[in-house]
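Q: Can you walk me through how this fold is put together? I'd like the sheet, the helix packing and the domains.

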Amino acid sequence: ATRDAQGRSSESPVLPLHAAPDPQRSAGPREPSVGTDRRRVDAPLKVTGTAPYAYEHPTTNPCHVWPVLSTIARGTLIGVDASRAAAVPGVIRVLTHADAPRLRVKADAGLWILQGPEVHHRGQIVGGVIADTPEAAREAAELLVFTYDEAPSKVELDPDDPDVTTAKVVLMRPGSETKGDPEQGWGEGVHRVDATYEHTAHYHAQMEPHAVIATWHEVSPLDVRATRLTLQDSNQGPFPHRLLLAPLLGLLPHQLDVSSPYVGGAFGGKAFPHPHLVLASLAAKIVSPRPVKLALTRQQMFSVVGHRAASSQHVRLAADAEGRLTTVEHVSTQAASRVKNSVDHSCMSTRMMYATPNRHTEHRVLELDVPPSTWMRAPGDFTGMFALETALDELAHTAGIDPVDLRVRNEPDVDPENGKPWSTRALVACLQRGAERFGWDERQAPGQRRDGEWQVGLGMASAVFPNMHMVTFAAKILFTGGRYVVQLQASDIGTGAHTVLAQIAADALGVDPDLVVTDIGRTGTPMAMVAGGSSGTYEWGNSVVAACEAFRRKHGLHPAEGASATGRSGPPKGSNKYSRNAFGAHFAEVAVSSVTDEVRVRRLLGVYAAGTIINPRTARSQVMGGMIMALSGALLEESYRDPRFGHIANGDLASYHIAAHADVPPIDVEFLPEHDPWFGAKGSKGIGEIGMVGTPAALGNAVFNATGKRLRSLPFTPSALA
Ligand code: MOS
């Protein structure tokens, strides 16, 4: 068994190191913990550098595997000269498709590596070098000579390409839908907007790059069912990793153990397994029982772990003289990989945000010779609401109506997509409270406000994030050592899950939160959804409450050592009768230099109606993080894929810019009081991603107000404003 920093076996519950109970604090009468400020219980470990991350788990005599990435965008690998690589001291094995172990079930085409000579994109894993040290593996990898038969490739998104197709299904709903007669609605419009909004691919840049330690235990050659693979990984939850990797590797689910106790950033890029995990697993099988370590470089991440696909979004809005929408059309065309086609649901928020008698929304894809894309924080809603909320600002300007007022005038009574009543919808309250708090009435006509060399403007946009709770999962409570251990396959990706799940459990059990320990982020606990879709707190929270209630029913107030109970929960009964979403409003003040054309953000406000706030401190950090990531995408993040060679020309953090502290202004956050019984047991909604949604539009709308220049492509760089 592998052991953690405290020498505990990974086969017993991995009680987090931050779990020491404080008898003083747990004594006496107590108030509810939900709704109160609580510091993250893992904070001391994080800030002192003692939380063990994937690559840091103690191992004995590990090997290292270095991925070899293709240098063409499309073609066939026809020759490998490994003579110099194999001669590097410490090299154990060079892996290519010719001799790699076979994979079994193609559970995910993006994971199907080293099984044939075909190259589907630049940066595909086409080989690996296993060595005693990472230095030897890397040196040998650079000495490998691959020969390719190169085929013509296409890597750039062109929405007018004849190969563009309409996606049939997106987010389990039709990829394309039409209501009423959009053409007629367009004709009836007094005020109109017809514009296209674009952005390049965005790349994941977690502080902790993707890393893993893989160990393959062949217990007995006579009993393959005794084989076990352990992955000490950095991910958003074991569930999809076991689901996809086990069949791929020819293992039964229980033969694959996945753990991920601490994660240095994820943002959707660690929700699903990526092909480096397959390489590490295959290498581990070869050198079994030696563990194999793999940490991707920043540059390798640009092709191996997924990205937010480039998109081009055509929006047409028409409104009557009073600004009431007569038609809404939104066609989003996205770049997709020929290997695996995943489509962001960019038009979904357009279907439900505003009232209109006529609507057409459509998701289109163009398959290219590029790596598979993946989730990236607020997938779909980020891109779609950039387009819709900028178009609304254009409509407001054209119609001479205040942008806040325009949105209020188009507030729907029920969900325009499906006619369902709202579980709760306080968008108008967020807009009005935000306008008041931000000083929106000081906004002037475009290009009027100056501060020395700076042109100053205000902008706003709505925000939304849907409920993603669909199936039933479970949680378990175990009483041991005088503490209640919450067990489920949840994951704390930096959100505060350890902290808020303990708060939820403490209230459900009627004990001090210091008596509750979270044992999450590993298989061997009840199955739960990944930390994704902003669903963790309300969805896991539901299961935790169910488990706590089952525990008290079964064991009473004075449980014996080792007492346990499991509880299951799905979405609250009857909740599918309602349209369930969190809402918000973003307000921004920007200054644009008339000397350099740079955009500086001066103030940013987010007002949210997002259900019960379990912990105001961690909630505020979540939405601030979302706003900062959106600011980064709006002002800085831009990738260049070379059409000749198919690689990202700025594939490192020196040239792919992400926001630094100096780019981030004071950020103000307010949560409106709200309780929504149709998400989770505590009335909470999701807050992980809503800070991303609409923020780029708020910034771009502020740039328009400052300068009179309308920017429709992210990012808003000096060259875009020049
Ligand atoms: Mo998040 S992009 O839903 O993992």
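Q: Which strands does helix H4 lie across?
A: Helix H4 (residues 134-143) lies across strand S1 (63-69), S3 and strand S5 (125-131), at about 25° to S1. Helices (H or I, at least four residues) and strands (E, at least two) are DSSP runs numbered from the N terminus. Axes are lines fitted to C-alpha atoms, for helices over the stretch in contact, and angles run from 0 to 180 degrees between N-to-C directions. Contact is when the C-beta atoms of two residues, placed from the backbone, lie within 7 Å.

Q: Is this predicted, and how are residues numbered?
A: The model is predicted: local features need pLDDT of at least 70, side-chain atom pairs count only at pLDDT 80 or more, and totals for chains, interfaces and linings use all residues. Residues are numbered from 1 along each chain as its sequence is written.

Q: And what does H6 lie across?
A: Helix H6 (residues 238-248) lies across S14 and S15, running at about 150° to S15.

Q: What is the strand order in the sheet?
A: S3-S5-S1-S16-S13-S14-S15, seven strands in an open sheet with mixed pairing. Two strands pair if DSSP finds at least two bridges between them. Strand S3 (91-96) and strand S15 (256-259) are at the edges with a single partner strand each, so one side of each has no neighbour in the sheet.

Q: How do S13 and S14 pair?
A: Strand S13 (residues 211-217) and strand S14 (residues 228-233) are antiparallel over six bridges. Alanine 214 has leucine 231 in S14 as its bridge partner.

Q: Switching topic: how do H15 and H16 cross?
A: The axes of helix H15 (residues 616-635) and helix H16 (residues 695-707) come within 8 Å and cross at roughly 55°. That makes H15 oblique to H16 (under 35 degrees is roughly parallel, over 145 roughly antiparallel, 65 to 115 roughly perpendicular, the rest oblique).

Q: Which residues make that contact?
A: From H15, Met627, Ala630, Leu631, Gly633 and Ala634; from H16, Thr695, Pro696, Leu699 and Gly700.

Q: What are the domains?
A: Domain 1 is 23-54 + 470-570, domain 2 is 63-152 + 210-266 + 270-304, and domain 3 is 165-203 + 308-467 + 577-721. The bounds come from an automatic or database domain assignment.

Q: How many residues are in the contact of domain 1 with domain 3?
A: The contact takes 21 residues from domain 1 and 21 residues from domain 3. On the domain 1 side, H14 gives the most, with six residues.
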